[in-house]
Amino acid sequence: MQLPVVRLVWLGRAHYSELLALQEQWLRRLQAEPRPGPPSGTEAGAVLVCEPAGPVYTGGLRGGLTPEEIPRLRALGAEVRATGRGGLATFHGPGQLLCHPVLDLRLLGLRLRTHVAALEACAVRLCELRGLRGARALPPPYTGVWLGERKICAIGVRCGRHITSHGLALNCSTDLTWFEHIVPCGLVGTGVTSLSEALQRLVTVDEVMPSFLVAFQETFKCTLISEDSPS
């Protein structure tokens, strides 16, 4: 059976606002299309991938950043944004692989819960491909992927009319000190880590991309086709 097709849009280093604007374009595009037919061989949407060009703190639907915190975080030189994804506060910045799948779940045979599980499995598989066998996903409220007691990949999604947005953030060579200024995902007493810290060498987003593409296609059971321009 022919696998569903997903467009890969690689933005390189991009500002978070650029990613959100492109995500909105794809959301409108999918929402305007006729209702799907049989899933085999159908285009299911796009996966938008970038490395954030600058530091950004984001809050989710449940908040996570108080009005008093926002000026303090901006004073550090970071952007602060409220988002419509699930979860609480997290950080995005250089050295992080940020992936926003904008997908019609019906065309992939997924529901919201299995979509989140696929994102977790994708990050676990990526870690395995990089030689880290101990990565594991945990149930809520610890949603995401962990190495020991430290989170290496945060996950927060939104889904409306079967179409997803937002996604995962995997720390490759992220400056982890940025996380010290918040309670990541609202989980007191837990830490964060990165591929570079775990493997004790510099691991860049560019180095990880081929493994990510393999892991994404395996876990979402789709074929990725590169999109020449982000439009």
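Me: Contact means heavy atoms within 4.5 Å. With that in hand, which residues does Tyr57 touch, not counting residues up to four places away in sequence?

Reply: Quick heads-up: this is a predicted model. In it, Tyr57 touches Leu65, Leu73, Leu76, Ala78, Glu79, Val80, Arg81, Thr90, Phe91, Trp178, His181 and Ile182, leaving out residues up to four places away in sequence. Tyr57 itself sits in strand β3, residues 56–59.

Me: Why is Tyr57 called buried?

Reply: Buried means under 20% relative accessible area. Tyr57 comes in at 0%, so it is buried.

Me: And what makes Gln23 count as buried?

Reply: Same kind of check: the cut-off is under 20%, and Gln23 has 5% relative accessibility, so it counts as buried. You'll find Gln23 in helix α1. Apart from neighbours within four places in sequence, Gln23 is in contact with Leu48, His100, Val102, Ser165 and His166. Take Val102: it is 79 residues from Gln23 in sequence, yet their C-alpha atoms are 7.0 Å apart in space.

Me: Two of the residues that Tyr57 touches are Glu79 and Arg81. How do you know that Glu79 and Arg81 meet in a salt bridge?

Reply: A salt bridge needs a side-chain nitrogen of Lys or Arg within 4 Å of a carboxyl oxygen of Asp or Glu. Between the side chains of Glu79 and Arg81, the N to O distance is 2.6 Å, so the pair fits the rule. As for the idea behind it, side chains of opposite charge can pair when their charged atoms come close.

Me: Why do Glu79 and Arg81 count as partly exposed?

Reply: Partly exposed is what lies between buried, under 20%, and exposed, over 50%. Glu79 has 31%, so it lands in that middle band. Arg81, at 28%, lands there too.

Me: What makes Glu24 and Arg28 a salt bridge?

Reply: Their N to O distance is 3.9 Å, and the limit is within 4 Å, so they qualify. Both residues lie in helix α1 (residues 16–32), four residues apart, which is about one turn of the helix. Glu24 is partly exposed at 38%, and so is Arg28 at 48%.

Me: How many salt bridges does the structure hold?

Reply: Eleven. Among them is a network that links Arg7, Glu43 and Glu227.

Me: Why is helix α3 called oblique to helix α5?

Reply: The two pack at an angle of about 140°, with axes 8 Å apart. Over 145 degrees would count as roughly antiparallel, and 65 to 115 as roughly perpendicular. About 140° falls in neither range, so α3 is oblique to α5. The crossing of α3 past α5 is right-handed. Residues making the contact include Arg125 of α3 and Glu218 of α5. By type, the contact residues divide into twelve nonpolar, three polar and two charged.

Me: How do you know that Glu218 and Arg125 form a salt bridge?

Reply: Their side chains meet at 2.9 Å, N to O, and the rule asks for within 4 Å, so they do. Glu218 is in α5 and Arg125 in α3, so this pair ties together parts 93 residues apart in sequence. Glu218, at 39%, is partly exposed; Arg125 is partly exposed as well, at 25%.

Technical notes: Residues numbered from 1 in each chain as written. Predicted model: local features only at pLDDT ≥ 70, side-chain atom pairs only at ≥ 80, totals over all residues. Heavy atoms only, no water. Axes fitted to C-alpha atoms, helices over the stretch in contact; angles between N-to-C directions. Parallel < 35°, antiparallel > 145°, perpendicular 65-115°, else oblique. Left-handed = near helix turned anticlockwise from the far one by under 90°. Nonpolar A, V, L, I, M, F, W, Y, C, P; charged D, E, K, R; others polar. Buried < 20%, exposed > 50% of the residue type's maximum accessible area, 1.4 Å probe, protein only.
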